[in-house]
Amino acid sequence: MQGLIGPPDYSQEPSRHPSLRINAKEPFNAEATRENLISSYITPVEFFFKRNHGPIPLVDDISSYNVSIGGLIAKSIQLSLDDIKKLPKHNVTATLQCAGNRRTAMSNKKEVRGVGWDVAALSNAIWGGAKLCDAFKLVGIEYNTKMTPSGGKHVEFISVDQCKEEDGGPYKASIPLHQASNPFSDVLLAYEMNGEVLNRDHGYPLRVVVPGVIGARSVKWLDQINIIEEECQGFFMAKDYKMFPPTVNWDNIIWSTRKPQMDFPVQCAICSLEDVNTVKPGQVTIAGYALSGGGRGIERVDISVDGGKTWIEASTHQKDDVQYIPDDISSDKWAWVLFKAVVDITEDTEIIAKAVDSSANVQPEHVETIWNLRGILNTSWHRVRLQIAP
């Protein structure tokens with residue numbers, strides 16, 4: 001498209017923070033260290049996880065950049081970045097999480113395919129931009145529309161990057177129209193991140209942010225928005241990011257038998273410790289993050305210092321000097337909470353964390369029960385080992 005191009009190779013990649021854990025170089029996929037991830041409620045841009053499927057697009061002329069809205073509507077339009085900035089601006093604090101977060105732990109039980117992520121394939125940011133539902137009013141789509149007169153029920157987002165999974169074509173994904181047109185879903189056409197212009201890694205000049213949903217639906221480097229009848233049939237909707245049972249393997253998989261994953265389940269992880277740690281006897285801080293999809297809050301985070309025999313409740317917080325109350329108007333419903341507990345350790349042990357969301361959903365105890373061939377949605381209890389220093 002004019003103004004924004006998806007390069008065919010990796011010769012013009014942006015610079016990244018040297019502390020990132022690189023899980024794949026081309027395309028670039030990396031996460032923060034555990035310690036850096038929970039160093040603040042709002043993740044600094046340099047520590048925000050990088051998830052890519054091809055070379056990072058380049059803007060060669062921002063004045064000629066525009067995004068189209070078309071498909072099953074009465075009239076298509078082209079919007080420049082200035083046009084979008086004329087719409088009411090909203091700031092939405094939202095955590096984006098890759099569906100493959102914690103994949104490495106699942107693969108350790110039984111091999112899966114995909115980028116090997118530790119526990120930091122997620123991050124929290126303040127996204128600034130226009131609500132998609134407000135842009136839709138420019139083409140006659142009112143709030144909370146389930147279907148257009150022409151039969152459109154889904155909203156497809158198309159990027160400009162070049163993905164090998166799409167045979168060199170662009171990344172694409174879709175969400176239901178009723179979600180996209182609901183002002184309370186907070187789906188954004190975002191041009192800012194943490195109060196600054198988006199950088200290249202995170203979608204400059206414009207991206208979609210779909211809060212409460214796996215990151216694969218928040219398409220970066222936006223080119224087209226199409227109103228379509230059925231779900232997008234791009235690779236990452238039709239043949240990836242679907243939750244299959246442990247009995248399905250690469251010989252018997254039938255992709256069409258499962259819907260594309262949208263909301264992510266309740267999740268938490270310990271970030272103040274690595275998988276195996278040597279500590280002195282005494283007090284140890286157990287800290288990390290917890291979150292749930294669909295705007296559900298975190299009711300509590302439970303910590304066990306004896307391998308699951310007994311439990312204590314960790315403290316939880318979001319913003320400084322504001323008490324966190326699940327699902328309260330004072331809380332950021334699309335964002336993670338950070339948790340903390342200080343415990344006494346006198347012997348070698350296993351520390352466990354599990355979260356419960358405001359709908360009483362709880363993380364499954366064992367990864368084996370949710371194992372799947374793509375290694376997505378590992379939300380099992382998070383476990384780390386402590387060994388007393390000699």
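**Group meeting talk: loops, cores and two annotated domains**

Let's start at Pro27, which sits in the loop between strand E2 (21–24) and E3. Keep in mind that this is a predicted model. The peptide bond from Glu26 into Pro27 is cis, with omega near -5°. There is a second cis bond to look at. This one joins Tyr204 and Pro205, and its omega is about 10°. Pro205 is also a loop residue, placed between strand E12 (196–197) and strand E13 (207–209). For context, most peptide bonds are trans.

Back to E3. That strand runs over residues 29–31, and Asn29 belongs to it. Is Asn29 buried or exposed? Buried: the relative accessible area is 1%, and the cut-off for buried is under 20%. So what does a buried asparagine side chain do here? Two polar partners stand out. The side chain of Asn29 makes a polar contact of 2.9 Å with the side chain of Arg51. The Asn29 side chain also reaches a backbone atom, the nitrogen of Asn52, at 2.9 Å. Now the wider surroundings, leaving out residues up to four places away in sequence. Asn29 touches Arg21, Ile22, Asn23 and Ala24. The Asn29 list goes on with Lys50, Arg51 and Asn52, and then Val115 and Trp117.

Now step back to the whole protein. We have 6 helices and 23 strands. The radius of gyration is 21 Å, close to the 21 Å from the globule rule for 390 residues, so the protein is as compact as a globular protein of that length. Along the principal axes, the C-alpha trace spans about 70 × 50 × 40 Å. Of the 390 residues, 57% are buried. How do the contacts spread along the sequence? Take those between residues at least 6 apart: 72% of them join residues at least 24 apart. On the outside, the protein exposes about 16500 Å². Carbon and sulfur atoms supply 48% of that area.

Next, the annotations. Both come from an unreviewed UniProt entry. Which residues does "Oxidoreductase molybdopterin-binding" cover? The record assigns that domain to residues 53–235. Over this stretch the chain is 12% helix and 33% strand. The end C-alpha atoms of 53–235 are 12 Å apart. The other annotation reads "Moybdenum cofactor oxidoreductase dimerisation", spelled as in the record, and covers residues 259–387. Here the chain is 0% helix and 42% strand. The end C-alpha atoms of 259–387 are 43 Å apart.

On to the interior. In soluble globular proteins, nonpolar side chains tend to be buried together. In this model, the largest nonpolar core has 66 residues. Which of its residues touch the most other members? Phe136, Ile225 and Tyr289. Strand E14 (residues 222–228) gives this core its largest share, 4 residues. Apart from that core lies another one, of 23 residues. Val266, Val279, Val284 and Ile351 are among its members.

Let me zoom in on Phe136. Beyond its neighbours within four places in sequence, Phe136 contacts Ile69, Ile141, Val155 and Leu177. Ala180, Ser181, Ile225 and Ile227 complete the Phe136 list.

Ile227 takes us to Leu72. Leu72 and Ile227 are 155 residues apart in sequence, yet their C-alpha atoms are 5.2 Å apart. Leu72 sits in the loop between strand E5 (66–71) and strand E6 (77–80). Its relative accessibility is 27%, so Leu72 counts as partly exposed. What does Leu72 touch, more than four places away in sequence? Thr148, Ser150, Gly151 and Gly152, then Ile227, Ile228 and Glu229.

Last topic: backbone angles. Most residues other than glycine have a negative phi. Asp186 has a positive one, near 60°. Asp186 lies in the loop between helix H5 (177–180) and strand E11 (188–193). At 13% relative accessibility, Asp186 counts as buried. Tyr241 also has a positive phi, near 50°. Look for Tyr241 in the loop between helix H6 (235–238) and strand E15 (267–270). Is Tyr241 buried or exposed? Buried, at 2% relative accessibility.

That's the tour.

Terms used: Residues are numbered from 1 along each chain as its sequence is written. This is a predicted model: local features need pLDDT of at least 70, side-chain atom pairs count only at pLDDT 80 or more; totals for chains, interfaces and linings use all residues. Side-chain values use heavy atoms; hydrogens and water are left out. Buried means under 20% relative accessible area, exposed over 50%, partly exposed in between (1.4 Å probe, protein chains only). A polar contact is a pair of N or O atoms within 3.5 Å; within protein, one must be able to donate a hydrogen and the other to accept it, and residues adjacent in sequence count only if both atoms are side-chain atoms. Contact means heavy atoms within 4.5 Å. UniProt positions are given in the numbering used here, feature names are shortened, and annotations may be inferred rather than shown by experiment. A nonpolar core is a set of buried Ala, Val, Leu, Ile, Met, Phe, Trp, Tyr and Cys residues joined through side-chain atoms within 4.5 Å. The radius of gyration is taken over C-alpha atoms; the globule rule is 2.2 Å times the number of residues to the power 0.38. Accessible areas come from the Shrake-Rupley method with a 1.4 Å probe; for residues, only the protein chains shown count as cover.
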